[in-house]
Amino acid sequence: MLRCRVISAVTIAALLVGGSVSAGESDRTTMNKREADATAATAAQPAQRASQEVLHAAARYLEACVTRDADYIAANSVDDGSFWGIGSGPGPGWNLHETVEHLRGLKKAGWSGLNPQGFVAGDFAWFTDYAKGILPDGKQLDIRVTLVMRHLGKRWKVVHFHVSEGVQREGIKLGS
């Protein structure tokens with residue numbers, strides 16, 4: 001399982017920085033030739049703004065997260081062991097099974113101002129957003145979202161998400 005996560009992280013990192021990763025570059029894992037070729041081919045393509053169809057797929061997935069539609073999440077995520085999700089709180093995150101089971105135990109929540117924006121390069125797409133999460137009790141939180149999708153067959157499926165509370169921290173100042 002760990003091998004799949006490392007390969008996916010290396011593949012996604014290569015895509016996002018526009019480089020390629022060849023077999024043997026990592027001491028922790030060895031990518032097979034097919035993965036290395038796919039990564040290089042995807043990374044060589046220029047990123048394009050995501051189409052409305054792909055943006056809709058991203059927004060629908062994020063909506064399913066807060067409505068706790070675990071079946072939709074399971075059906076629209078990669079199930080090859082490379083899926084990884086990260087949320088607020090301690091711990092490293094969750095694989096697909098853990099994510100689905102976690103959602104099944106939560107009350108429905110919502111979004112305000114959800115409007116993911118993103119890019120596509122080859123078979124990969126990535127999105128970010130900063131929206132208001134609406135908790136079951138009505139309280140609103142600033143939420144940061146990152147979503148990475150992969151086109152498999154005729155569908156876009158999520159390989160990674162990061163949803164966390166955007167909080168102001170003492171002593172951390174970014175920008176000017």
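Trainee: Why does Ser82 count as buried?

Mentor: In this predicted model, Ser82 has a relative accessibility of 11%, and because buried means under 20%, Ser82 counts as buried.

Trainee: Where is the place of Ser82 in the chain, and what makes a contact of its side chain a polar one?

Mentor: Ser82 lies in the loop between α4 and β2, a strand that covers 84–87. Its side chain and that of Asp80 are 2.5 Å apart, and since a polar contact asks for a pair of N or O atoms within 3.5 Å, the value of 2.5 Å meets the distance cut-off, and the pair is listed as a polar contact.

Trainee: Is Val163 to be called buried or partly exposed, and why?

Mentor: The relative accessible area of Val163 is 21%; because buried requires a value under 20% and exposed one over 50%, Val163 falls in between and is partly exposed.

Trainee: Which residues are in contact with Val163 once its neighbours within four places in sequence are left aside?

Mentor: Val163, which sits in strand β7, is then in contact with Ile86, Gly87, Ser88, Trp111, Ile143, Arg144 and Val145. Leu147 is not on that list, although the C-alpha atoms of Val163 and Leu147, 16 residues apart along the chain, are separated by 8.6 Å.

Trainee: Which residues have the most contacts inside the largest nonpolar core, and what makes such a group a core?

Mentor: A nonpolar core is a set of buried residues of kinds such as Ile, Leu, Met and Phe, joined through side-chain atoms within 4.5 Å. The largest one here has 34 residues, and Ile73, Phe127, Leu147 and Met149 have the most contacts inside it. Each of α3 (52–66), α4 (70–75), α5 (96–104), β4 (117–121), β5 (124–134), β6 (140–152) and β7 (155–165) supplies at least two residues of this core, and α3 gives the largest share, eight residues. In soluble globular proteins, nonpolar side chains tend to be buried together.

Trainee: Which residues does Leu147 touch, leaving aside its neighbours within four places in sequence?

Mentor: Leu147 is in contact with Ala58, Tyr61, Leu62, Ala125, Trp126, Phe127, Val158, His160 and Phe161.

Trainee: How do you know that β4 and β5 pair?

Mentor: Two strands pair if there are at least two bridges between them, and β4 and β5 have five, in the antiparallel sense, so the condition is met. Ala121 stands opposite Phe124 in β5. The two strands form a hairpin with two residues between them, and Gly122 in the turn has a positive phi of about 60 degrees.

Trainee: What makes β5 and β6 a pair, and how many residues lie between them in their hairpin?

Mentor: These strands are joined in the antiparallel sense over 11 bridges, where at least two are required, so they count as paired. Ile134 has Gln140 in β6 as its bridge partner. Five residues lie between β5 and β6 in the hairpin, where Gly138 in the turn shows a positive phi of about 95 degrees.

Trainee: How many bridges join β3 to β5?

Mentor: Strand β3, residues 110–112, is joined to β5 by three bridges, and the two run antiparallel. One bridge partner is known by name, as Ser112 is matched with Lys132 in β5.

Trainee: How many helices and strands does the chain have, and what share of its residues is buried?

Mentor: The chain has five helices and seven strands, and of its 176 residues, 38% count as buried.

How values were computed. Residues are numbered from 1 along each chain as its sequence is written. This is a predicted model: local features need pLDDT of at least 70, side-chain atom pairs count only at pLDDT 80 or more; totals for chains, interfaces and linings use all residues. Side-chain values use heavy atoms; hydrogens and water are left out. Buried means under 20% relative accessible area, exposed over 50%, partly exposed in between (1.4 Å probe, protein chains only). Helices (H or I, at least four residues) and strands (E, at least two) are DSSP runs, numbered from the N terminus. Contact means heavy atoms within 4.5 Å. A polar contact is a pair of N or O atoms within 3.5 Å; within protein, one must be able to donate a hydrogen and the other to accept it, and residues adjacent in sequence count only if both atoms are side-chain atoms.
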